[in-house]
Amino acid sequence: MRTLNIGILAHVDAGKTSLTERLLFDHGAVDRLGSVDAGDTRTDDGAIERQRGITIRSAVAAFTAGDTHINLIDTPGHSDFIAEVERALEVLDGAVLLLSAVEGVQAQTRVLLRTLRRLRLPTLVFVNKIDRAGARAEDLLADVHRRLTPHVVPLTDVTALGTPAARVRPRPPADPDLAEALAEVDPAILAAVVDGPPPTPDDLRKSLATHTADGSIHPLLHGSALGGQGITDLVDHLVRLIPPSATVSDTPRGTIFAVRPGPGRERTAYLRLYDGEVAPHQRLTFRRHGADGRTVEVSGRVTRLDVIGRSGPLTAGNIGVLTGPKDIRVGDRLGELTARAPQFAPPTLETVVRARHPEQAAALRSALLALADQDPLLHARPAFSGATVLLLYGEVQKEVLAATLVQDFGIEAAFEPSRVRFLERPAGTGEACEERPWHDGTRYWATIGLRVEPAERGSGGIFGYETELGALPRAFHQAIEDTVHVTLLRGLEGAPVTDYRVTLTRSGYAAPLSTAAHFRGLTPIVLRRALRLARTRLYEPYVTFEAEVPLDALAPVTAQLASCRAEFAGTTGGVDGWLITGELAARRVREVELSLPGLTHGEGVWWSRPSGDRELRPH
Ligand SMILES: Nc1nc2c(ncn2[C@@H]2O[C@H](COP(=O)(O)OP(=O)(O)OP(=O)(O)O)[C@@H](O)[C@H]2O)c(=O)[nH]1
Ligand SMILES: [Mg+2]
């Protein structure tokens, strides 16, 4: 039996969790149809998810259709949880991108499809909620072609649209729309359409399979997760059009894409295996990139292994849930370690968190660091005065984190208002050295030479040695390394420094006078001098924005954006409204968001996502 790993992706509330539940129920994987509204679906299983009726973490559930075993990965739709979608993308064979027949194409839909196409992941589009009043079909399709991609081909139609009696029926196999869409990506079909003889239904079917598999064409199907219409068609096409990924060797190769706290201190990890086999009790070694740029390995024996939806060993193509290896994290690799570029930009906001009850301060810090440790996309770092700085995508993520701290750790935390996160990067190279100096009346029995220089974008902070390891006792080395990273939490302009490489160029100590405290005390003095010589540049985050505004609001909205120094990428539409796109400094976003309702009689739709940072220019 073959396995397909299928991601369910969409904007918030499109019906991903409801569709997942429906697929499980229709194929006998659950014996009761749960609902998001009643808070009893299989995949929204967290207490906060059930209370709020939104998905926060990706969840895996499996069912079998004929001789295909399908693992569904239900992802969150809220843009604050885009990091969860990012991790899921890596383990998929294909995706179902949902649209609501009522709400249609949303900004988040566009971002997701753009990413899926870039990754060349086979993707079907499912227009959900055809039973709901206000559902659209023909003009929604026109909208999809205009605002999502022209490479979408409808395979179904709907009767009694927008009513509970809505039904789905297949389009004819030789549908001219199908031939036309395929002609855009398939020269053989183009030649047949233009010069004849016209392509046969069999030609079209084969071309559709090839071009869905290579991610260049997206079949579109209709249905209702609540009513169950169109579900059989969806599964038939998933099975027929999405191929399982090919295995390339017998050596186990896989990725950890989710980690959940288990009973006690144990962690449960989700491993997607691409190659080879993993058996219970096997010893596994995972690899990741460490902060100093070297490869970190964690090994351990598997104490428990469940293969999702199957029994027996974990084989290539499947997902296993395992416990055993300690300190395992999201992103850890089994087998070869390859770098992978992130698909979405890092968060632009930061907040400072403190315990409401001072006696919980230490517990809060360790809870946040534990959460961040399992999850490389939750960035937490200690701040001065015992607080913790967190990087965030948005306010909903903050609320969810506050609720998690209460429910899972019993800690009440206070979050400062979020602010835009600025960063410093070294501008050049600077070097400094001190040999057993006196500073402010203190004698430091330590010799430290440090060089600061820019490191590759996205590398964070790297520490390395030019001195011989072993020249200093380990505790002193560690004291220098730890102090370097803490010191660089504040650069010359007060913002955290990132993408730096600090190298220990000289070191020395005097036994028995030297202590780790001498090294901790001297490191910031030497490092600051080196940093001043290197100089730093200040960077601020930018966002990509999309504003949908009514016809008469184009001029005032454009003027407002221009006064916030937006850079415009395009303005399209003009029939029933305008779509303005561009880039904007993240710190101006709030201003635009607040003015938009007034400028658009409450009809404007604003959407923005982090797009990376740029050097700060004076405004
Ligand atoms: N009428 C109708 N309502 C639907 C359908 N599918 C989902 N809904 C409703 O839409 C709402 C959102 O459904 P969810 O399944 O939670 O949507 P989601 O995409 O998983 O949402 P997030 O995970 O929070 O992004 C719920 O109230 C569902 O009952 C459908 O086919 N028809
Ligand atoms: Mg959901």
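**Notebook: cores, ligand site, odd backbone spots**

I started with the hydrophobic packing: the largest nonpolar core holds 38 residues, and Leu-9, Ile-73, Phe-257 and Tyr-270 make the most contacts inside it. There is also a second, separate core, this one of 37 residues, with Ala-10, Leu-221, Val-235 and Leu-241 among them. Note to self: this is a predicted model.

I then pulled the neighbours of Tyr-270, leaving out anything up to four places away in sequence. The list includes Val-60, Thr-255, Ile-256, Phe-257, Ala-258 and Arg-260. Ile-308, Ile-319, Gly-320 and Val-321 are on the list too.

**The magnesium ion**

Which residues coordinate the magnesium ion (ligand 2)? I found Thr-17 and Thr-55, each through OG1, at 2.0 Å. The two sit 38 residues apart and link distant parts of the chain: Thr-17 belongs to helix α1 (residues 16–26), while Thr-55 is in the loop between α2 (47–52) and β2 (59–65).

Are these two threonines buried or exposed? Thr-17 has a relative accessible area of 5%, so it counts as buried. Thr-55 comes out at 9%, so it is buried as well. The cut-off I used for buried is under 20%.

**Ligand 1**

I counted 20 residues around ligand 1, and Lys-16, Thr-17, Ser-18, Asp-37 and Thr-55 come nearest. Thr-17 and Thr-55 are thus on this list as well as at the magnesium ion. By element, α1 gives the most to the shell, with 3 residues.

For polar contacts I noted these, each to an oxygen atom of ligand 1:
- Gly-15 offers a polar backbone atom at 2.9 Å.
- Ser-224 uses a polar side-chain atom at 3.0 Å.
- Ala-225 has a backbone N or O atom at 2.9 Å.

How much of ligand 1 does the protein bury? Alone, ligand 1 exposes 650 Å², and the protein buries 91% of that.

**Backbone oddities**

I looked up cis peptide bonds next. One joins Gly-196 and Pro-197, with omega about -10°; Pro-197 is in the loop between α7 (187–195) and α8 (201–213). Another runs from Ala-511 to Pro-512, omega near 0°, and Pro-512 lies in the loop between β30 (500–509) and α13 (516–534).

Last, positive phi outside glycine. Asp-13 has phi near 70° and is found in the loop between β1 (2–9) and α1. Lys-129 has phi near 65°, in the loop between β5 (123–128) and α5 (138–147). Their exposure I logged too: Asp-13 counts as exposed because its relative accessibility is 52%, whereas Lys-129 is buried at 16%.

Note on methods: Residues are numbered from 1 along each chain as its sequence is written. Chains are lettered from A and ligands numbered from 1 in the order in which they are written. This is a predicted model: local features need pLDDT of at least 70, side-chain atom pairs count only at pLDDT 80 or more; totals for chains, interfaces and linings use all residues. Side-chain values use heavy atoms; hydrogens and water are left out. Donors are N, O and S atoms within 2.8 Å of the metal (3.2 Å for Na, K and Ca); water is not among the atoms, so sites may look incomplete. Helices (H or I, at least four residues) and strands (E, at least two) are DSSP runs, numbered from the N terminus. Buried means under 20% relative accessible area, exposed over 50%, partly exposed in between (1.4 Å probe, protein chains only). A nonpolar core is a set of buried Ala, Val, Leu, Ile, Met, Phe, Trp, Tyr and Cys residues joined through side-chain atoms within 4.5 Å. Contact means heavy atoms within 4.5 Å. A residue is near a molecule or strand if one of its heavy atoms lies within 4 Å of it. A polar contact is a pair of N or O atoms within 3.5 Å; within protein, one must be able to donate a hydrogen and the other to accept it, and residues adjacent in sequence count only if both atoms are side-chain atoms. Accessible areas come from the Shrake-Rupley method with a 1.4 Å probe; for residues, only the protein chains shown count as cover.
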